[in-house]
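Trainee: I have a model open and a few questions about it. Can we go through them one by one?

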Amino acid sequence: MNAQKRQNELRIDRLNAEKRLPRKEWTALLSTWDDSDRAYAAGIARGLADARFGHNVFVRGIVEFSNVCRNDCLYCGIRKSNLNFERYRLTEAEIIECCDAGYEYGFRTFVLQSGEDASWPPNRLAALVRTLKTNHPDCAVTLSVGELERDEYQLLFDAGADRYLLRHETADPEHYAKLHMPNQSWERRMQCLRDLKEIGFQTGCGFMVGSPYQTPNTLAKDMEFITEFRPAMIGIGPFIPHCDTPFRDEPAGRVDLTLFLLSLCRILHPDVLLPATTALGTMDPAGREKGVLAGANVIMPNLSPEQVRAKYMLYNNKTAVDVDTHITTSDLQARLRKIGYTIKVSRGDYGETSC
Ligand code: 5AD
């Protein structure tokens with residue numbers, strides 16, 4: 001065993017014991033790790049997840065209800081400047097229909113995601129949330145519609161929304177500025193996350209792995225931010241270039257680094273709800289299963305109508321897990337069974353353990 005590996009194992013053990021690492025230890029770990037460190041972290045991470053959740057995976061049905069966006073994030077395929085594809089908006093009736101079908105299939109969490117679309121102001125969204133919660137009082141509703149004012153988040157929470165996903169994208173303000181336009185503020189995004197948590201949402205942050213200009217040092221800041229913020233959920237997936245964005249020629253993020261970071265997040269925060277993301281499944285056909293084996297415990301199949309799926313193209317070649325039958329008899333269930341896991345039919349709230 002070489003000296004460097006021993007040191008990284010000690011760092012991972014220290015993270016497990018203390019649930020934090022000093023900045024320079026994070027940076028050292030993230031700049032010197034190798035495959036055996038990744039396997040070592042995955043073993044600990046999977047043990048921690050199994051102790052809390054058993055061999056269960058939570059599912060959330062995602063409805064991508066509008067690809068209209070006022071932002072111009074340099075990495076994102078649905079950025080405002082991209083005129084090369086068709087925009088769509090689902091109606092209330094269509095969204096409700098997707099969720100009703102999802103309910104029949106066994107989903108007990110619906111994630112409503114969209115670009116920052118002015119035709120869906122918070123009061124309209126709040127009315128939709130109220131309807132969904134009335135139709136399905138045993139379900140959780142998660143929103144992922146970007147940056148809003150605090151009183152707007154409050155309105156959505158009061159309407160019954162349970163959870164909110166807003167990736168912080170990077171915890172380094174200079175890195176943030178390289179991924180976004182000057183009108184987008186890192187301070188504001190961080191304030192949104194603090195507001196969401198204070199209001200009482202189960203709040204999710206997260207970032208892309210291998211985004212342009214990311215370094216071990218910016219990743220160390222992401223891990224420190226997650227340590228301090230203690231989100232209920234963390235969304236981590238590889239960056240995948242989109243051909244109609246300024247980052248079209250940038251390399252994609254690595255699957256193995258994504259898996260390592262998933263394991264480190266699980267070790268840092270054993271209770272966290274950690275999805276094996278669509279982007280991970282896009283980069284590697286077995287990516288989601290690998291994610292679960294690295295410590296993830298959530299998968300988010302797509303409930304959007306067939307005819308709009310290809311239009312919610314954040315990055316090229318985006319795949320979807322389709323579930324159009326009861327989840328307990330789905331292909332996804334069969335795939336998870338092969339690695340010794342099973343889908344749990346429940347809301348899957350933060351703090352709920354299933355064994
Ligand atoms: N590759 C991977 N993930 C992306 N996202 C946006 N564009 C891309 C891309 N090109 C992620 C962002 C955003 C989430 C909805 O999707 O992190 O927060």
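Mentor: Start with the ligand, and keep in mind that this is a predicted model. A nitrogen atom of the ligand is 3.4 Å from a polar backbone atom of Leu-314.

Trainee: How much of the ligand's accessible area does the protein cover?

Mentor: Take the ligand on its own as the reference. Its accessible area is then 410 Å². The share covered by the protein is 87%.

Trainee: Which residue has a polar side-chain atom 2.5 Å from an oxygen atom of the ligand?

Mentor: The residues around the ligand include Tyr-75, Arg-167, Glu-169 and Ile-240. Ile-240 uses a polar backbone atom, 2.7 Å from a ligand nitrogen. The side-chain contact to the ligand oxygen, at 2.5 Å, comes from Glu-169.

Trainee: Why do the buried residues of α14 lie on the same side?

Mentor: The buried residues in α14 (residues 331-338) are Leu-332, Gln-333 and Leu-336. On the other side, Asp-331, Arg-337 and Lys-338 are exposed. In an α-helix, residues three or four places apart point the same way, because there are 3.6 residues a turn. The buried residues share a side because they cover an arc of only 100°.

Trainee: What covers those buried residues of α14?

Mentor: Look for elements in contact with them. Among them are β1 (56-59) and α12 (287-293). The cover also includes β8 (298-299) and β9 (342-344).

Trainee: Which helix gives the most to the largest nonpolar core?

Mentor: That core has 98 residues, and Trp-26, Leu-261 and Leu-264 touch the most other members. With 10 residues, the helix that gives the most is α10 (residues 255-268).

How values were computed
Residues numbered from 1 in each chain as written. Predicted model: local features only at pLDDT ≥ 70, side-chain atom pairs only at ≥ 80, totals over all residues. Heavy atoms only, no water. Core = buried A, V, L, I, M, F, W, Y, C linked by side-chain atoms within 4.5 Å. Buried < 20%, exposed > 50% of the residue type's maximum accessible area, 1.4 Å probe, protein only. Helix = DSSP H or I, 4+ residues; strand = E, 2+ residues; numbered from the N terminus. Arc of directions from axis to C-beta. Contact = heavy atoms within 4.5 Å. Near = heavy atom within 4 Å. Polar contact = N/O pair within 3.5 Å; in protein donor to acceptor, adjacent residues only side chain to side chain. Areas by Shrake-Rupley, 256 points an atom, 1.4 Å probe, with all protein chains shown as cover.
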